[in-house]
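The exercises below are meant to be worked with the sequence and the coordinates open side by side. Each task is followed by a solution that proceeds step by step.

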Amino acid sequence: MTRSLLFIPANTPAMIQNADIFEADAIIFDLEDAIHPLEKDAARILLKEYFKTNPHLNIDVIIRINDVSSPYFLSDIKHIMKWPVQGIMLPKASIASVEELDQLLSKYEKRKKNHEPLWIIPIIEQARSLFEVHTIASHVRVKALLLGGEDLATDLEVERTQDGEEILLARQLVIYAAKAYGKEAIDTPFTHVDNAEGLISDAKHAKRLGMTGKACIHPIQIDTINELFSPTQEQIDYAKKIVLAEEQASGKGAFSVDGKMIDKPIIMRAKKLLEKVTK
Amino acid sequence: MNLIKNTLNRQIPEGYTPFQGANNLIKTNERKIIDEVIIGGGNKPVESDIASVFDKLDIKDGMTLSFHHHLRNGDAVLNLVLMEIKKRKLKHITLAPSAIFPVHEPMVPLIKNQSITKIYTNYINGPVAKAIEEGHLKELLVMDTHGGRARAIESGELTIDVAFIATPAVDHAGHGNGIEGPSQCGTLGYAIPDLLYAKHKVLVTDHIVDRVKKVDIDGRYVDMILHIPSIGDPEGIKSGTTKPTRDPIQLKIAKNTARLIEELGLIKPHFNFQCGAGGTSLAVAEALKQRMTANKIKGDFASGGITSFLVDMHEKGLFEKLYDVQCFDLEAIKSYQRNKHHLMISASEYGNPYAKPIVNDLDVVVLGATEIDLDFNVNVTTDSFGHLIGGSGGHADTAFGAKVTIITTNLMKSRLSMVKSSVKTITTPGESVDILVTERGIAINPKRQDLINKLKDSKLEITTIDELMKRAHHITGEPKMIPSSDKIIGLIRYRDGSIIDSLYQL
């Protein structure tokens, strides 16, 4: 369960250095929009040095790469394969670009035998992506979908408003596609950093629609997002029941809780949920 | 100069009392108080130029003149006196301002030509600090705590010939306050020891009224009034940051500090609290405010420098009283005018170790640090190079008095670890410091086993101070020690009068 994902521009040493202390569930080092073309190399070098000192971060690390049509795409991937990261965030995602990235990653992963498969988090930020979002979500490497509200509004040629009326359909399509394939639905960042009330309202709205987490662009937003996207007490109690039942059924194979059969993924989810709650 | 070592292994010049522990001298020594210097009642003479004051009080070579710092970086009074010293070519003057700010730059040439040869103060930064660290002051700079300065004055150890007391409003009987007139600064707590014990007292004002609304300066102690067009610049009188931080690292530190205070069970009815006016401290106060409001907890008092933030907590009923030694902003000044439980305290009532001070009733104090070492000694006087950038103020006083003293600081600033194996300068001894909160973990002084036990099941990241330094060095690398010169240019005087550390020429 990823409640909060914090974007950090990969060319800012002070922010990179403190990336792991803000209690976000995941950090996204950005090589794309936040980095000027002349600084792409510098950002990669900075991250390379950072990972040398911090090879084992206790947090999910994702890299937002440049899109597949950009001249930086291949170089981004070559670097990332040497870094201790869990996932790649793919801008301007389409099914074609997801497959292209997947093939490239598979090639690299095959060469490096012990490399854990990297996830892909496609950013749904173009009108045409919304017509294939369910196919994107179905891809085995896709862990979550991120709605990119700002770029989408640009693509739609509409004003991006704080109440988000213009991205309502997109939010729902992303949510339905993600849920249909058991993936996480990550909401677009709320970009008005100084509007705490606006963030609460926006996050609550997204959660009501079915988003499971929210990206953010400033550490000051993390506590609010974590709180609003944390599980309910009912969910926590149920997870505790599962973990207790597993302990009692130790070595006896499958078991049930409240009449429902419990298998390994459900146990893992319950444990992960409790881990997040106690954090 | 022969040197001896104190119990913290710091070298100090022979002939001074070495620091022997935070409470040893206070426990064994009697309080010494000289007689108060009462001039008498009736209307006071009003002078309109500084030269007349110098003439009438026969201010001459070798005298000691004192000042308070309530006008902060807007102060015009000390500079007015400096100009007269310069004009008269006086020599060997000792100054005892409770703080020195960049605005006091005109002091520099007078230090260099030995018109001013000795300085006592509690806080110093800016051009005067630079001149002193370069070795231009003939005698040693002595840096006291706020409580220690009051002790030194009342005991006669620091004898003041003339106190120039900037007073925003004065009446003809010599009564005054800081809450009327164009140069309002609020309470005048730091001026009170000077008022009581200096041989002569001059109220310097730009606002004379028939009768002051509130008497914070008692006219019976006053010799004369100096009426000038302006005692200060209101913009400079305002303190710096008096809003909670928005910096995410400092916010994390503040959030964890508030959680720590709660987990220690310190947020309870009748608790007493003090924090600084910096952004992190105020963010701690904000987090405390939310917890106190949610749990309907009412504390007895908040103390120290008072900000609008503490005023709000007081007016919302979260603290019964505000004990105010100085106001940090306009809202605090207004509160002192309208709230009957917003009370002025003198520097002595605040922190004098022999006066059963308010600091001894604190349950929690949250303080900053420019450096802290593995023995929890804290430096707020110099930076790592030895440049003078501040001073104790009430740091060592409150750290000693509070039941739990919490230091908050970023573990790293500008690629340097703030936890050092040994701090450059000791302002507050580690035995008075209980907890260090950083963004990468919380360390508890091993001497406070009671606190360690209370937090053994805490979800907060409790670690050791050695581990924090290791974490910082893992990122920053281990810095080389910065060598000092051997020439001592000043002394850090602990609140009991002993010398806790020396300052060295750069």
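**Exercise 1.** Determine what covers the buried residues of helix 16 of chain B, and on which side of the helix those residues lie.

*Solution.* The cover of the buried residues of helix 16 of chain B includes strand 22 (412-413), strand 23 (416-417), strand 24 (419-420), strand 25 (435-438), strand 26 (441-444) and strand 27 (462-463) of chain B. Contact here requires that the C-beta atoms of two residues, placed from the backbone, lie within 7 Å, while helices (H or I, at least four residues) and strands (E, at least two) are DSSP runs numbered from the N terminus. This is a predicted model, in which local features need pLDDT of at least 70 and side-chain atom pairs count only at pLDDT 80 or more, whereas totals for chains, interfaces and linings use all residues. Residues are numbered from 1 along each chain as its sequence is written, and chains are lettered from A and ligands numbered from 1 in the order in which they are written.

The next step is to identify the covered residues themselves, which are Ile465(B), Leu468(B), Met469(B) and Ala472(B). They span an arc of only 95 degrees around the axis (taken from the directions from the helix axis to the C-beta atoms), which puts them on the same side of helix 16 of chain B. On the other side of this helix, Asp466(B) and His474(B) are exposed; a residue counts as buried if 20 or more other C-beta atoms, placed from the backbone, lie within 10 Å of its own, as exposed if 12 or fewer do, and as partly exposed in between.

**Exercise 2.** Check the length of helix 16 of chain B against its expected span, and say which residue just after the helix has a positive phi.

*Solution.* The expected span is 1.5 Å times one less than the number of residues. For the 12 residues of helix 16 (residues 465-476) of chain B this comes to 16 Å, and the end C-alpha atoms are 16 Å apart, so the two agree. Just after the helix, Gly477(B) adopts a positive phi of about 80 degrees.

**Exercise 3.** Describe how domain 1 and domain 2 of chain B meet.

*Solution.* The bounds, which come from an automatic or database domain assignment, are 34-237 for domain 1 and 248-487 for domain 2 of chain B. Their centres, taken over C-alpha atoms, are separated by 30 Å. The contact draws on 28 residues from domain 1 of chain B and 32 residues from domain 2 of chain B. On the side of domain 1 that touches domain 2, the elements giving two or more residues are helix 5 (127-133), helix 6 (146-154) and helix 7 (192-197) of chain B, and helix 6 of chain B gives the most, with 6 residues.

**Exercise 4.** Characterise chain A as a whole, and then place strand 1 of chain A among its partners.

*Solution.* Chain A contains 11 helices and 10 strands. Its radius of gyration, taken over C-alpha atoms, is 19 Å, close to the 19 Å that the globule rule (2.2 Å times the number of residues to the power 0.38) gives for 279 residues, so chain A is as compact as a globular protein of that length. Buried residues make up 38% of the 279 residues in chain A.

Strand 1 (residues 4-9) of chain A is mostly covered, with 5 of its 6 residues buried. Pairing requires that DSSP find at least two bridges between two strands. Strand 1 of chain A pairs in the parallel sense with strand 8 (residues 213-216) of chain A over 3 bridges, and also in the parallel sense with strand 2 (residues 26-30) of chain A over 5 bridges. Leu5(A) stands opposite Ala215(A) in strand 8 of chain A and opposite Ala26(A) in strand 2 of chain A.
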